[in-house]
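Biologist: I would like to learn how to read a model from its overall fold down to single residues. Could we go through one together, step by step?

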Amino acid sequence: DAGEVITYQIVIEHDALCEIEAKDVLITDTFPSQLISVTVESVDASSGIAPVPAADATGNTVTVPAAGTLDIPVGEVITLTVSAVVDLSILPSEIVTNTAEVTWTSLEGPNDDERDGNGGIDDYEETDDASFTSDAPALNKALVDTSAAHTPGANVTIGEIITYSIDVTLPETTIPSIVITD
């Protein structure tokens, strides 16, 4: 529903079997427009990085580190926790996908001979996404009463007056139009 807080955890794990540090690492997550008030809750590192990198949340984009890049030692795990509020513009049953990206190089600083994420064996870039689906409207129609005492439950007779209730549950969002036909 609109106004609900969604929390994401982005985990970057530098494989302990790797032989070198990941250099010039940049973590970026541009949240979709259906999410607003993007807030970095925490950035944690398992060990080896001191100080733990700061994060920046500007508009709907989060970057770690807040400025520049960082190096991640072999075996290090960085966990970024970010929250966002579901915007009123979300539609019922809408699928919202958020994608985070991490890029890195094999050598410190600019170097024409390094692997830098330009594709093929040089692909030092990973993305991962998470999705959720907003609530859908719900409709429930039920027989409430009949005018003939001798007819049990839904077994009714010709000419009998039947009373139904229709309950409609709408998600908290903007619904462009709604028509209920019975």
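Modeller: What follows goes from the whole chain to a pocket and then to two loop residues. Please keep in mind that this is a predicted model.

Biologist: How many helices and strands are there in the chain?

Modeller: One begins with the list of secondary structure elements. Here the chain has zero helices and 11 strands, so that from the N terminus on every element reads as β, in the order β-β-β-β-β-β-β-β-β-β-β.

Biologist: What radius of gyration does the chain have, and what would a compact globule of 182 residues have?

Modeller: The idea is to set the value for the chain beside the value expected for a globule. The chain has 26 Å, whereas a compact globule of 182 residues would come near 16 Å. The spans of the C-alpha trace along its principal axes, about 90 × 30 × 30 Å, can be read alongside this. Of the 182 residues, 32% count as buried, and the accessible surface comes to about 10900 Å², with 51% of it belonging to carbon and sulfur atoms.

Biologist: Among contacts between residues at least 6 apart in sequence, what share joins residues at least 24 apart?

Modeller: That share is 72% in this chain.

Biologist: Which residues lie nearest the centre of the largest pocket?

Modeller: A pocket is read through its volume and its lining. The largest pocket holds about 530 Å³ of space and is lined by 29 residues, with Val11, Ile12, Glu13, Val102 and Glu126 nearest its centre. Strands E1 (5-13), E2 (22-30), E8 (95-105) and E9 (125-133) are the elements that each give two or more residues to this lining. By residue class, the lining divides into 15 nonpolar, six polar and eight charged.

Biologist: Is proline 53 buried or exposed?

Modeller: For a single residue, one compares the relative accessible area with a cut-off. Proline 53 has 12%, and it counts as buried because this is under 20%. It is placed in the loop between strand E3 (35-45) and strand E4 (56-58), and, leaving out residues up to four places away in sequence, it touches Val43, Val64, Pro65 and Leu70.

Biologist: Where is serine 89 placed, and which residues is it in contact with, leaving aside neighbours within four places in sequence?

Modeller: Serine 89 is in the loop between strand E7 (77-86) and E8, and its contacts, with those neighbours left aside, are Ser33, Glu94 and Thr173. Serine 89 and threonine 173 are 84 residues apart along the chain, yet their C-alpha atoms are separated by 6.6 Å. At 41% relative accessibility, serine 89 counts as partly exposed.

Notes: Residues numbered from 1 in each chain as written. Predicted model: local features only at pLDDT ≥ 70, side-chain atom pairs only at ≥ 80, totals over all residues. Heavy atoms only, no water. 1 Å grid on protein atoms, 1.4 Å probe; cavity = no way out; pocket = protein on both sides within 12 Å on 5 of 7 lines; lining within 4 Å. Points joined across faces, edges and corners; volume = space filled by probe spheres on them. Helix = DSSP H or I, 4+ residues; strand = E, 2+ residues; numbered from the N terminus. Nonpolar A, V, L, I, M, F, W, Y, C, P; charged D, E, K, R; others polar. Rg over C-alpha atoms; globule rule 2.2 N^0.38 Å. Buried < 20%, exposed > 50% of the residue type's maximum accessible area, 1.4 Å probe, protein only. Contact = heavy atoms within 4.5 Å. Areas by Shrake-Rupley, 256 points an atom, 1.4 Å probe, with all protein chains shown as cover.
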